[in-house]
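Me: Could you take a close look at one chain of this model for me, and at how it sits against its neighbours? I would enjoy one connected account.

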Amino acid sequence: MVENRPVLNFLAHLVLIIGVAIVAFPIYVAFIASTHGPTDFLSGLIPMTPGHNIWHTYGTMLTDGMKSSGMPPLSLQMGNSLIMALTIAIGKIAISIISAYAIVYFKFPGRGIAFWLIFITLMMPVEVRILPTYKVVAELGMLNTYAGLTIPLIASATATFLFRQVFLTIPDELMEAARIDGAGPLKFFWDILLPMSRNNIAALFVILFIYGWNQYLWPLIVTTDTSHYTIVMGIKRMADVTDAQPQWNYIMATAILAMLPPVLVVIFMQKLFVKGLIETEK
Amino acid sequence: MFRKMMLAGLVAGASAMAMGSAAEATTTITWWHAMGGELGQKLDQIVANYNKSQDKYKVVATYKGSYSETMTSAIAAFRAHKQPDIVQVFEVGTGTMMAAKGAIYPVYKLMKDMGEPFDPKGFLPAVVGYYTDTHGNMLSFPFNSSTPILYYNKDEFKKAGIDGPPKTWGELEADSKKLMDAGISKCGFTSGWISWVQTENFSAWHNQPIGTMENGFGGLGARLVFGKDKPLVNHWANMAKWQKDGVFKYGGPGGGNDAPPMFYSGDCAMYMNSSASRAGVLANTKGKFDVGYGMLPYYADVKGAPQNTIIGGATLWVLQGHDKAHYKAVANFLHYMSSPAVQADWSQFSGYLPITKAAYDLGQKQGYYANNPGSDVGIKEITLHAPTANSKGLRFGNYVQVRDIIDEEFQKMLGGKETAQQALDNVDSRGNKLIAQFQAANK
Amino acid sequence: MKRTTFNQRALAYLLIAPQMAVTIVFFLWPTGQAIVQSFQQEDAFGLHTNWVGFANYQALFADPSYIQSLEVTVIFTVAVTFSSLIVALLLALAVDRTVKAGPTYTTLLVWPYAVAPAVVGVLWWFLFNPTIGPLPYVLGQMGYNWDHSLHGQDAMILVVIAAAWPQVSYNFLFFVAGLQSIPASLREAAAIDGAGPVKRFFTITLPLLSPTTFFLMVVNLVYAMFNTFPVIHATTQGGPAGSTDILVFKVYEDGFVGLNLGSSAAQSVVLLVIVIALTAVQFGWVERRVQY
């Protein structure tokens, strides 16, 4: 610290405490709402302490779901979200690390075109081409499948881009030495490149897990079968009831459960998360 | 060519993961619907009963979300050749479905082709009229039809010393002020579906045209004329005024999700919405207050009012592109669905109107209407007078979006950004653009 | 690229094939379809298709609701970007001062980034619900009649808060990293010269943070324009009267819900042009940095 100014220090803490409070406020209210009965907060006055409905609400949602909104049990939906998040994270890392390897370490005709074709997708949001993509997925028979849920989302270029950056910073001498030792491209990749990128892979995994878990529009469109619902898209289904009131206590319980896994990942793997975040964007 | 190769390659991989349906001895048909909540459970029960009643066919019903979600996902699926056999489409989608001649299998034709017994004359004309072509052929199968009615808080009315529901808008305003002045309720009334209840039905109820060419029944060249409907312009202007005075509280766009809680909590003494909301109203007000029912109010100075209300709700459309075995199953299922027992059961449970005379008669014989006050208000409204060209219904393409426009312009008016006349003129000009686009795309 | 490279071509193609396949099938092909479709008019079921040239584009830019959507998008994007940047910078500066407690605060501030935008939307939608939400109640006590189903301004504030909330965490992390990379000696030297904290902030910290800020600005613009779909979809659905109808939501509404495919495709192409422009800016910046 440059100098000690108590007033400024106090101000800093104040700002941070307010910040933390603002950040936590919605979650706190959501949690409180999820522990009360459905009619306990009709007037705008939400109780500020947890209610006694907590086990009932969470128990019902996890095991039975909400049949009236066509919601399967949340445990199933969370399982689907997990499958989706893991498939996207692993799949994306796998295909992008090898394609980055090809782009950086190989010389072949069409490399420039391949590079640009991949990078042009860098920021092509799915919303922009939603109908044609849906049509492709439907033609491939991938509606209501885990493949349909995940493969179209695996193709973004961010991960490829990151690995390209990582490989570019690895000294050329390593490869030259490996060649002298007679190591082929696969051995070099497996024995040298992969171990050297371990941290990056882990960091990327954290980011992609969150990305996959939080997908919304795509699962909403490609799943019509409740057995493939994910929890994030399920929330919308619950809030959107025709001719009836949304049951906010259940919706808030779902919201809490939907945010729990990625939030825990961030809190417990904060270092990797920060690294992943800063590196994927840099 | 390249695309085919790519696709073929991926198909091989993907189909391994895709859910394969095993070969079945029975013919399985799919039905996509928009019935959530208790209605959805009842629907599942009907389907289960059908599946149990015979062993040749099996119906699989899938809940697809809101009406517009159900319709659009069915259309998207049709484009991708993955359409269900039956899809439930709400009444404003009728224009779009009807124009898609290559996509739909008209119900009257299906029943004839498949040799299922089918008597179009057995259906209530006020219901089926909405879904028949100009030759009187039934194109889709009415499943759940309702019409807006007035609900009121009997306890609050009694406290204020008001005898029954208001018959006219003038009475409604006076009653509201009486209730509010006495501090009995915070607002007079709220309403679901501004587009359907306070606009389209308003015009029909006052025997005013909604559009040219018999409200669009006459062809794709029809256009909206809301702005020329003086009583309607007046009514919207009143709604804006009432919103300022607190007599009326807006419940949001579309179905108006914020409206029911205002009535349930006793804040608003009156509430206009679908006759099918009756079950929900009763469930949510049980133990709080008694609910009374009335017909929609009308303006006493408009000649010919009240005429009759028009229906809302949805019908079942059969989609093209399946083989004959499927259509045999569909025809058999629709026949089952129109039987008086199933119809009476469904309508009495849900509050939807019975669609056949036999079902209505059965209900009467069972004493259902006598024992359940308010359950026949809707039927009385739609059959009050023989429908005129203005009150038969409406049929425009792209009308799903026109509904959104109605909501938007209504909101602008309530926000004080435009007058009622400007708002309705904008509905016409913006809506007619969409309708013209639809006409061009379906030439 | 590398000085020395392998030249096993078959292997190279094999390595790059999966990514190319997915890219072509799920990105390039559908995008191409959207471009083609933007010159066509088609009925919902795809039974009749006519070529109409630029008619869809002309109709689009003559449509007041599209112009409104453009304006709304600009307001929304700028509001989300600046509010989340300013709040994040403030928090980062504060953390930078509190040496010991810094990591604890950081942990408490980063996790909203992990919450799905759709969930964030539903949370704030509940908090601001005019009939049962606690915030309108508090505002009502203060004499403000909150109603986002009627007042466009209220709805806009709601979606901006919901969209900016998780983004604050993101920006915060980058600002903290940026602040840590500013050499302490620079600030000390300025302090010795008698510059107060405010002056030091504007003469030293802010200019040295400018690369980070610029980068974050682009990222946030892209986020607010394209990744906020779930926030809108889970809350206002573009209303009231189109006052939160951002471009990416309108594409979906007109295409997937309204089934106005030609117009929706034309809107996609407009968005695509914006995305490519923003990507080019970001890409140029990234490439420049890599060369350090």
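Reply: Happy to help; what follows is a walk through chain C and its two contact surfaces, with a short stop in each of the partner chains.

Please keep in mind that this is a predicted model. Let us begin with chain C itself. Chain C holds 12 helices and two strands. Along the sequence, the order is α-β-β-α-α-α-α-α-α-α-α-α-α-α, with the two strands coming right after the opening helix. Measured out along the principal axes, the C-alpha atoms of chain C occupy a box of roughly 75 × 70 × 30 Å. Of its 292 residues, 51% count as buried. As for contacts in chain C between residues at least 6 apart in sequence, 69% of them link residues at least 24 apart.

Now to the side facing chain A. Here 88 residues of chain C are in contact with 85 residues of chain A. The biggest contributor on the chain C side is helix α1 (residues 9–37), which gives 20 residues. By character, this side of chain C divides into 66 nonpolar, 15 polar and seven charged residues.

Within chain A, one helix is worth a pause: α10(A), residues 198–213. At 1.5 Å a residue, its 16 residues should span 22 Å, and the end C-alpha atoms are indeed 22 Å apart, so the two values agree. Because 12 of those 16 residues are buried, α10(A) is largely enclosed by the rest of the structure. Among the buried ones are A:N200, A:F205, A:F209, A:Y211, A:G212 and A:W213.

Chain C also touches chain B, where 29 residues of chain B are in contact with 27 residues of chain C. On the chain B side, α1 (2–17), α3 (67–79), α12 (259–264), α19 (399–414) and α20 (420–441) each supply at least two residues. The largest share, six residues, comes from α19(B). This side of chain B is made up of 14 nonpolar, 10 polar and five charged residues.

Finally, a look inside chain B. Strand β4(B), residues 141–146, is mostly covered, with six of its six residues buried. β4(B) pairs with strand β10(B), residues 312–318, in the antiparallel sense over five bridges. If you would like one pair to find on screen, B:F141 has B:L316 in β10(B) as its bridge partner.

Conventions
Residues numbered from 1 in each chain as written. Chains lettered and ligands numbered in written order. Predicted model: local features only at pLDDT ≥ 70, side-chain atom pairs only at ≥ 80, totals over all residues. Helix = DSSP H or I, 4+ residues; strand = E, 2+ residues; numbered from the N terminus. Expected span 1.5 Å × (residues − 1). Buried ≥ 20, exposed ≤ 12 C-beta atoms within 10 Å, placed from the backbone. Contact = placed C-beta atoms within 7 Å. Nonpolar A, V, L, I, M, F, W, Y, C, P; charged D, E, K, R; others polar. Pairing = 2+ DSSP bridges.
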